[in-house]
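Thanks for making the time this morning. I would like to walk you through one structure, starting from the outside terms we need and working towards the inside.

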Amino acid sequence: VVLVGALLGATTGVIAASVISMGLFSLPLMLRHGYDPRWASGVIAASGSLTQIVPPSLVLIVLADQLGRSVGDMYAAALVPAALLIGGYLLVVAVAAWRLPRALPALPPEARAPAEANGASGLRSLAVLVLVSALGSAAFMQTYPGLVIRMGRTAIAPPTDERVIVSLGVTVALAFALAMADRVLRLHALSALARRVAFVLVPPLILIFLVLGTIYLGVATPTEGGALGALGALAMAVARRRLSWATLLEAALTSTKLSCFVIFILIGSTFFTHVFNSLEGTHWVAQLFAGLPGGATGMLVFVTVLVFVLGFFLDFFEIAFILVPLLAPVADALGIDLIWLGVLIGVNLQTSFLTPPFGYALFFLRGVAPAEDRVDPRTGRVVRAVRTSDIYLGVLPFVAVQLLVLMLLICFPRLVHVEDDSARRLSPDAVIEILRRASER
């Protein structure tokens, strides 16, 4: 569930879609097999909230705009904190399953995937996929550095991070091609379950590459990357015959409503900011932070606590549009990197979706969780209802993980590192100059 939540976060960027989807599909399965409702609901709500820190996150886009920084830099800086959160969630679940086997039991033998009729086991399928993908990716990594663009006397070699991104794309493509060939040619190298996993897992990875891969490779801006992701989603819906005019109209109306809500909040926050600045409120804020002990560190601790407390009562839009513009000038004057501050606030704002009384992830899960005891039609056992207190208590271990990651980011700022790639990437003017020289030659 944690890994699927991270995958949905990198695919959708919307917390409601992640929490509701996993609440509808994963929660009944876990309750059927005797999982404790607190742990089951907690892991779903926490994993669904990963959408707010895993790129392409809407929170990071808004923060980058309010801080006047690049969305691409904000995305790159959020990768390590997002990985820390995912790893922390996995560690909490593993320890809980080890120490509390009754709360998180293993699936019974009859519920586990049986051996395939063709004799292709899961381990064999995994070995074949890993071997073919690793060999193909290694071969591509060896040849890709030789693919140098030569224009006149200038040679442009692909940077290391771009080679890694393209290599990951090649690995996914090879795994999908192998599954397709195994199905069409009936090679029986993979089990039927492995083929189904490949066919289900690869399309979201393609969407992730269309959005994030094109941004990191410098092929598209964040806006263009989002357009490519939307186009890819439409193409996959057409390929699966799931797209209709009614679905397309509903998606367009929902997007328009959300855009209008955000714009009206932005208009109101802009009025507030102008009035606040006209009353010299920024000077008051600067004097307030100047009087805090500890300098920049004291300011960071105060901002972290303030944002965390406001997250109990306000949505991240209000915090980002009203509070962040007031903090950015003070942080810049104190020498605090705004990209680092934006990621720190982004991780902090993620807790606002899990903390009662106004945690949106809690409300979304409450809407799809069973509210009454019921008899499971497959097992015949009574499945206990998920109470609101179960959801509130279930997210506490994962909120603790988020606070721990916040402390790590403050104590070790190098965890949020943005590489200065201005020296190795060509500007559009430089590319035009290279093309002009090449044409003259």
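Before anything else, let me fix one term, since I will lean on it throughout: a residue is called exposed when its relative accessible area is over 50%, buried when that value is under 20%, and partly exposed in between. Please also keep in mind that what you see is a predicted model.

With that scale in hand, take two cysteines. Cys-411 has a relative accessible area of 54%, so it counts as exposed, while Cys-260, at 35%, is partly exposed. As for disulfides, the count in this model comes to zero.

Let me now step back to the whole chain. The protein has 441 residues, and 39% of them are buried. Its secondary structure comes to 18 helices and four strands. If we take the contacts between residues at least 6 apart in sequence, 72% of them join residues at least 24 apart. The accessible surface is about 24,000 Å², and carbon and sulfur atoms account for 69% of that area.

Turning to the interior, which residues touch the most other members of the largest nonpolar core? They are Ile-53 and Tyr-89, in a core of 91 residues. Helix 13, covering residues 316-333, gives the most to this core, with twelve residues. There is also a second, separate core of eight residues, and Leu-129, Ala-175, Leu-178 and Leu-190 are among them.

Staying with Tyr-89, and leaving aside its neighbours within four places in sequence, we find contacts that include Val-2, Ala-46, Leu-50, Leu-354 and Phe-398. Phe-398 deserves a look of its own: this residue sits in helix 17, residues 396-411, and it is buried, with a relative accessible area of 0%. Beyond its sequence neighbours within four places, Phe-398 is in contact with Trp-39, Gly-42, Val-43, Ala-46, Tyr-89, Val-92 and Val-93. Phe-398 and Ala-46 are 352 residues apart along the chain, and yet their C-alpha atoms are separated by 6.3 Å.

In soluble globular proteins, nonpolar side chains tend to be buried together. Against that background, I would like to finish on the surface, where Val-301, Val-305, Val-309, Phe-313, Leu-314, Phe-358 and Phe-363 form a nonpolar patch with about 630 Å² of accessible area together. Helix 12, residues 296-310, supplies the largest share of the patch, three residues. Val-301 is found in that helix, and with 41% relative accessibility it counts as partly exposed.

Key: Residues numbered from 1 in each chain as written. Predicted model: local features only at pLDDT ≥ 70, side-chain atom pairs only at ≥ 80, totals over all residues. Heavy atoms only, no water. Disulfide = S-S within 2.5 Å. Buried < 20%, exposed > 50% of the residue type's maximum accessible area, 1.4 Å probe, protein only. Core = buried A, V, L, I, M, F, W, Y, C linked by side-chain atoms within 4.5 Å. Helix = DSSP H or I, 4+ residues; strand = E, 2+ residues; numbered from the N terminus. Contact = heavy atoms within 4.5 Å. Patch = residues over 30% accessible without salt bridge, like charges linked within 9 Å, V, L, I, M, F, W, Y side chains within 5 Å. Areas by Shrake-Rupley, 256 points an atom, 1.4 Å probe, with all protein chains shown as cover. Salt bridge = Lys/Arg side-chain N within 4 Å of Asp/Glu carboxyl O.
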